[in-house]
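Please open the model in the viewer and keep the sequence panel visible. The tour moves from a surface site to the whole chain and then to a single side chain.

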Amino acid sequence: MSTAGTDPAAPAGDTPGSLEHRQAELVAALVAGGPLPPGFTPAPLAAARAALLRKRAGEVARHWPLLAAGLGADWPAAFIEWAADRPTSGGLRDGWDLARALHARDALPALGAEELAVREAAFRYDGQRAPRPRRAPAVGRAGNAVAVQFASRVRLLRPPR
């Protein structure tokens, strides 16, 4: 039975002002660049958001150590700038998406290019679903790095120096 002013087709808890709705607004503000929810002070929310982005950068660096090392001291700022308005997809996928974005802007460092090339050769990743191992031979390229996957083994080919 519905009450006046509510949509009977709306899922329970999805009405404005419900606890679930307010929690969703807070989560969006903290991790996906959403607007400040009513009743929250901007400074503490901004501090919590910055801490969560730093934590997320650390998680991505664990999955993509060469990308993080290649960016060096610029790693935290580069990641936070990219991730500020994106919800997380997990450390592996966030790093992959960032590496592809940097590659598209010609800003991917050589170590990150090698790591991306190896991942592209070993796994299928469409940017939507979780990466899946490749079964057929494949080649991954990023920058000057080329990786070849055959029989579940990946070899990185580097240009002569």
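Which residues form a nonpolar patch on the surface? Select Val27, Val31 and Leu52: together these residues make up the patch, with about 210 Å² of accessible area. The model is a predicted one.

Stay with Leu52 and extend the selection to residues 42–63, the helix α2 in which Leu52 lies. Leu52 has a relative accessible area of 36% and is therefore partly exposed, as this value falls between the 20% and 50% cut-offs.

Next, display the whole protein as a cartoon. The view contains 6 helices and 5 strands, and tracing the sequence gives the order α-α-α-α-α-α-β-β-β-β-β. The radius of gyration is 20 Å, whereas the globule rule gives 15 Å for 161 residues, so the protein is more spread out than a compact globule. Aligned to its principal axes, the C-alpha trace spans about 70 × 35 × 25 Å.

Switch to a surface representation. About 10,100 Å² is exposed, and carbon and sulfur atoms supply 59% of this area. Buried residues amount to 29% of the 161. Among contacts with a separation of 6 or more, 50% come from residues 24 or more positions apart.

Finally, select residues 110–122, which form helix α6, and pick out Glu120 within the helix. Is Glu120 buried or exposed? Glu120 is buried, because its relative accessible area of 15% is under the 20% cut-off. Add Trp96, Arg100, Arg134 and Gly140 to the selection: Glu120 touches each of these, leaving aside residues up to four places away in sequence.

Note on methods:
Residues are numbered from 1 along each chain as its sequence is written. This is a predicted model: local features need pLDDT of at least 70, side-chain atom pairs count only at pLDDT 80 or more; totals for chains, interfaces and linings use all residues. Side-chain values use heavy atoms; hydrogens and water are left out. Helices (H or I, at least four residues) and strands (E, at least two) are DSSP runs, numbered from the N terminus. Buried means under 20% relative accessible area, exposed over 50%, partly exposed in between (1.4 Å probe, protein chains only). Contact means heavy atoms within 4.5 Å. Patches are made of residues with over 30% relative accessible area and no salt bridge: like charges are joined within 9 Å, nonpolar side chains (Val, Leu, Ile, Met, Phe, Trp, Tyr) within 5 Å. Accessible areas come from the Shrake-Rupley method with a 1.4 Å probe; for residues, only the protein chains shown count as cover. A salt bridge is a side-chain nitrogen of Lys or Arg within 4 Å of a carboxyl oxygen of Asp or Glu. The radius of gyration is taken over C-alpha atoms; the globule rule is 2.2 Å times the number of residues to the power 0.38.
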